Amino acid sequence: QRAGLDQSFQNRRRRVARVEGIVHIEGGDFSVKGSGIFDHPRIQVQENKVAPFGWYLYSPVQFEDGAQLACYYSQDSVGERDSIYSAALLTLADGKACWLGDCKVVNLKLDADGLPVQWETLLNGDGTQVSLRVKIRQLPFLQGWGDVDPATAQGKYVAYPLLMEVEGEARILNERHQLQQGRGIAEFLVRKGLQARFP
């Protein structure tokens with residue numbers, strides 16, 4: 001079985017997307033470079049008889065060694081986890097990737113404005129388990145444009161970017177990998193008017 005899992009990981013090797021550019025901020029130019037992931041690499045349209053959308057938490061992370069994790073967690077309006085939309089893709093620094101089809105968010109803490117301040121993510125896939133501890137780094141809100149003010153965004157979804165700091169570990173084929181100094185920008189969205197029950 002181990003040989004089969006090893007082969008599965010080899011077959012899923014992916015190239016990391018390299019990104020370079022210039023960011024213009026208040027008249028200054030800053031050169032940036034790094035790596036990135038695609039938010040929606042594929043879309044399949046089909047009818048599903050499910051409860052209406054409730055809330056979701058999207059949390060893409062890059063760790064200090066170059067490993068990346070793109071993770072979704074979602075619940076419907078009656079508090080049930082959406083198993084199709086609660087999964088992750090882990091790409092290690094050497095390019096090996098694995099699909100983690102089972103995602104759970106636990107110990108989600110919100111601030112007075114209803115935005116996350118910390119949570120834990122537990123992920124499982126074939127031969128792989130990942131556990132993460134996430135904290136949101138509080139930043140001063142300097143300026144907003146368009147629909148960023150909830151008071152003027154009637155009927156629209158407003159999702160503020162949340163700067164994450166993440167630590168954790170992965171166990172892949174009984175080998176432990178530390179996931180350290182993770183950074184990313186999470187997106188948390190709750191359907192307007194929903195009195196959600198958070199895990």
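Strand 3 and strand 12 (residues 175–190) run antiparallel, joined by four bridges; strands here are DSSP E runs of at least two residues, helices are H or I runs of at least four, and both are numbered from the N terminus. Two strands count as paired if DSSP finds at least two bridges between them. Look for Tyr56, which stands opposite Leu189 in strand 12. Strand 3 (residues 53–58) also runs antiparallel to strand 5, this time with five bridges, and here Trp55 stands opposite Gln75. Strand 3 is mostly covered, with five of its six residues buried. Buried means under 20% relative accessible area, exposed means over 50%, and partly exposed is in between, using a 1.4 Å probe and protein chains only.

Before going further, a word on what you're looking at. This is a predicted model, in which local features need a pLDDT of at least 70 and side-chain atom pairs count only at pLDDT 80 or more, while totals for chains, interfaces and linings use all residues. Residues are numbered from 1 along each chain as its sequence is written, and side-chain values use heavy atoms, with hydrogens and water left out. The pLDDT, the predictor's confidence in each residue on a scale from 0 to 100, averages 81 over the protein chain, and 76% of the residues score at least 70. Be wary of residues 1–15, though: pLDDT stays under 50 there, and the model has 23 contacts beyond four places in sequence for that stretch. A contact means heavy atoms within 4.5 Å.

Now step back to the whole chain. It holds one helix and twelve strands, and reading along the sequence you meet the helix and then the strands, in the pattern α-β-β-β-β-β-β-β-β-β-β-β-β. Of the 199 residues, 30% are buried. Among contacts with a separation of 6 or more, 51% are between residues 24 or more positions apart. The accessible surface comes to about 13200 Å², and carbon and sulfur atoms account for 49% of that; the areas come from the Shrake-Rupley method with a 1.4 Å probe, and for residues only the protein chains shown count as cover.

Trp55 turns up again if you move over to strand 8, where Leu108 is found. Leu108 counts as buried, at 8% relative accessibility. Leaving aside neighbours within four places in sequence, Leu108 is in contact with Trp55, Pro116, Gln118, Trp119, Phe188, Phe198 and Pro199. Glu120 is twelve residues away from Leu108 in sequence, and their C-alpha atoms are 7.0 Å apart in space.

Strand 8 brings us to the charged side chains. Side chains of opposite charge can pair when their charged atoms come close. A search of the whole structure finds three salt bridges, each being a side-chain nitrogen of Lys or Arg within 4 Å of a carboxyl oxygen of Asp or Glu. Arg81 pairs with Asp102, with the closest N and O atoms 3.4 Å apart. Arg81 lies in the loop between strand 5 (68–76) and strand 6, and Asp102 in strand 8 (residues 102–110), so this pair ties together parts that are 21 residues apart in sequence. Asp102 also meets Lys104 in a salt bridge, at 3.1 Å from N to O, and Arg81, Asp102 and Lys104 are thus linked in a network. Arg81 is partly exposed at 30% relative accessibility, as are Asp102 at 23% and Lys104 at 36%. Elsewhere, Arg176 and Glu169 form a salt bridge at 2.6 Å, N to O; Arg176 is partly exposed at 48%, and Glu169 is partly exposed at 25%.

Next, the hairpin. Strand 6 (residues 87–91) and strand 7 (residues 97–100) pair in the antiparallel sense over four bridges, and Ala88 has Leu100 in strand 7 as a bridge partner. Five residues sit between the two strands, and Gly95 in the turn has a positive phi of about 95 degrees.

Finally, the surface. Val23, Ile25, Phe30 and Val32 make a nonpolar patch of about 330 Å². Patches are made of residues with over 30% relative accessible area and no salt bridge, joining like charges within 9 Å and nonpolar side chains (Val, Leu, Ile, Met, Phe, Trp, Tyr) within 5 Å. Strand 1 (17–25) and strand 2 (28–36) each supply at least two of the patch residues. Val32, in strand 2, is partly exposed with a relative accessible area of 42%.
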